[in-house]
Amino acid sequence: MTDVKSAGEDRGRGGDDRAPSVGASGADPADASRGDDGGDGAGRRDDGGDALSGGGGDRGAGADDASTAGAGDGTSKTGAGDGVRIGGWTRFVTARPRLSLLVALLLTALAVVAGSDVADRLGSGGWEDPAAQSTYATKALEREFPASQPNLLLLVDAGGASVDDPAVAAEAKRLAARLATERGVTGVGSYWQSGSPALKAKDGHEALVAARITGDEKTAGETLDRLAPSYRGKHGPIEIEVGGPVAVRHEMQTTIREDLTRAELIALPVTLVLLVMVFGSAVAALLPLGVGIIAILGTNAVLRGLTEFTDVSVFAMNLTTALGLGLAIDYALFIVRRFREELAAGSVPLAAVATTLRTAGRTVLFSALTVAVSLAAMLLFPQYFLRSFAYSGIAVVLLAAGAALILLPAALILLGARVNSLDLRRLFRRGERRTTGGGAAWGRMASLVMRRAPLFAVATTVGLIVLGLPFLGVKFGTADDRQLPSDAESHVVQQHIRDGFPGSPGGGLEILAEGPATETQYAQYKARIAALPEVLRVDGPLVQGDSAYFTVLPKGEAVDEEAQHLVGELRSADAPFDTSVTGTAAVLVDSKHAIAERLPWAAAFIAVVTLFLVFLLTGSVLIPVQAVLLNALSLTAMFGAVVWVFQDGHLSGLLDFTSPGSIETTLPVLMFCVAFGLSMDYGVFLLSRIKEEYDHTGDHREAVRFGLQRTGGLITAAAVILAVVMVAIGTSRVTNTKMLGLGIALAVLMDAMVVRSLLVPAVMRLTGRATWWAPGPLRRFHDRFGLSEGGSPAEPALDGDGHTRRADPEEDAGRRGGEEEQGSEEQEGRDRDKVEARG
């Protein structure tokens, strides 16, 4: 990278790197110190290359207009551009700021229109493997034997009477006959028609009418809305409740849509309050929210477009809101913070934007790539539930980063020093010194951790592993009605069936038999499978041409271990015709197989691409390995809590959910990809700051201490804000959504407050200067293609007069405090580092 620097430029940007006095710009003194956002501070050596493209260049068209934005608002015009050359990217995003924002406004309005009906076009399934045997059998049975796959159940309650009472039977038969004439309904059957004991409750007071609503999820939902009101409720001597898979899916969609609206109403105002507390300025606090809203609305439009070509899960909308707000706030937080710092150091708005994009902007771009890579791994799985999260996640990450790197600089150019307007903290602030101690505290904590690095590394690692131990007892299952609140009608119906009916009606296994066969062969096969120890009863066969199907009721739960074992036995049973097995347990078996088959590839994809990206950022071989391992370790608490709370049912009363006794198979994959990406997000911000300091000083220990001092508070603030958004999502009444929101909130907080604050500095202290080692070929590769913010590792940063850089007052205070605490042991460690460097 080209080092463009003059003494006049550095004096214009703060000279000796001390926090300048707050002039007319009105910036917070805390923001005037060197960058909490991972960028270099005032007085740092300036790279004349452009923020993102790396190109230099003259100011170009539009730059003069942009440089005067904010003139008259009190912004210092020291240096009239500060000697900073404006490269291609900065020139592009600042040339016509008003036009850029107007175009963005128009595109956002179009996105609102395009994505307005997206929720109505999303599905609530997607857990099955499209290429699995169970999927093939399900589709074939739906086509050939509609009655074999009922998705609508009417629970008929005779009150104190028996379901065999003549008045009860007559009314039930009348309603079943009426249902058979309804448009969009086929395969109607009932206890009174078939006499099947599986359709009659053990106490004799309840029985079932089963039918199939045809069409896709949207059509089936519309049919259910039309039919349910006329069948639900009191009918003479009986009372009917509506349930079945179609009712569960429809109620889940409606609940998620309502919960998402409530979560947004909770998250937006709370987030705004937190941003005001972080920024002080109400104007600055509104910018991240604007970026988040653009990302969310744009992603909704993308999802709406995708529904024309593929299935998309309704659950993806939750991730859109969470990541849209969370990542937009993260990115905008770092960029706005850096911009305010540059203004406080005396830069004009254009120069401040150029420096911001070159430092914080580059880190944001890199961070977005790492998050997108983690989410893209879900595209390797066949279930559209997982693929939907990849669609929404990648779209919202790229849109959030794009808005932060294109629209936010345009807004900052126009605002200039007015970005600091409406500083609400002045109402509570008592003196400037109150706002300047946080960074020093993080620096002292980093020094303490590094002084006792083995203790902190071992204790933190053991603690995280212990928190993750409950995951060793995980049991995988399928999403069913228990995802819904306990008072949801479809949940009530299914619970009555589980508790009061023999076997598992609606949860049995279906066997599709294809090929010519005689009645004797069918009977022999039926007897063979009926003799299996896990089988309660076998019904059928129902023959049509050269096809037939059998219904097998397992003795236990629909998806317990015995039922899953039964699937394997049925598939391996000898038969004189081709057989395919489907049903709830079969879908679960196939889904687990599909995930297990592709999980190593997904993990390898995330690991390899992450290793490569972090290497490009740091030039080190060891740091990428550390980043991957420590990020994975940071997720143990999340996985342990998921099993302890949501599978085992602890805190179910407090959190208001019904534990199904298992974890839906795809949820751990989804949570890993999302949480790992967010952990890398914070890891990139910290590592980029440590790397920058190391490049300027060549002092490994000081680089780690200083990196945590300058980013610790900001990363924690960003993590808290993202956790608030995830907790708002976690207030959902749907258990999977609750698990997703609360689990990722826990992972984010553990990563920011434990791993980044304790484990990372401890491990980096233990690895010493070897942390930055790379073999010659890789080092030359990084020198050519890697990202760098400044000079060589052993080269000290200089101030505007050519003297060695001195820290700002907060840095000096932190360093003095840390050195006083460390004493001779710290000095011995520094001496060892020097010996290692010479060696």
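1. Two strands are taken to pair if DSSP finds at least two bridges between them. The model discussed here is a predicted one, and in it an open sheet of five strands shows antiparallel pairing, with the order S2-S3-S1-S5-S4. The edges of this sheet are formed by strand S2 (185–190) and strand S4 (233–235), each of which pairs on one side only. On average, and with direction ignored, neighbouring strands of the sheet are turned by 25 degrees against each other.

2. Within that sheet, strand S1 (residues 152–157) and strand S3 (residues 206–213) run antiparallel and are joined by six bridges. For a specific position to inspect in the register, leucine 153 has alanine 210 in S3 as its bridge partner.

3. Turning to the surface, a nonpolar patch of about 700 Å² is made by Leu99, Leu102, Val103, Leu105, Leu106, Leu107 and Leu110. One of these residues, leucine 102, has its place in helix H5 (residues 97–114). Leucine 102 has a relative accessible area of 46%, and because this value lies between the 20% and 50% limits, the residue is described as partly exposed.

4. A separate loop, between strand S11 (663–664) and helix H24 (667–697), holds threonine 665. Threonine 665 counts as buried because its relative accessibility is 6%, where buried means under 20% relative accessible area. The side chain of threonine 665 also reaches the backbone oxygen of glycine 477, at 3.1 Å.

Note on methods: Residues are numbered from 1 along each chain as its sequence is written. This is a predicted model: local features need pLDDT of at least 70, side-chain atom pairs count only at pLDDT 80 or more; totals for chains, interfaces and linings use all residues. Side-chain values use heavy atoms; hydrogens and water are left out. Helices (H or I, at least four residues) and strands (E, at least two) are DSSP runs, numbered from the N terminus. Axes are lines fitted to C-alpha atoms, for helices over the stretch in contact, and angles run from 0 to 180 degrees between N-to-C directions. Patches are made of residues with over 30% relative accessible area and no salt bridge: like charges are joined within 9 Å, nonpolar side chains (Val, Leu, Ile, Met, Phe, Trp, Tyr) within 5 Å. Accessible areas come from the Shrake-Rupley method with a 1.4 Å probe; for residues, only the protein chains shown count as cover. A salt bridge is a side-chain nitrogen of Lys or Arg within 4 Å of a carboxyl oxygen of Asp or Glu. Buried means under 20% relative accessible area, exposed over 50%, partly exposed in between (1.4 Å probe, protein chains only). A polar contact is a pair of N or O atoms within 3.5 Å; within protein, one must be able to donate a hydrogen and the other to accept it, and residues adjacent in sequence count only if both atoms are side-chain atoms.
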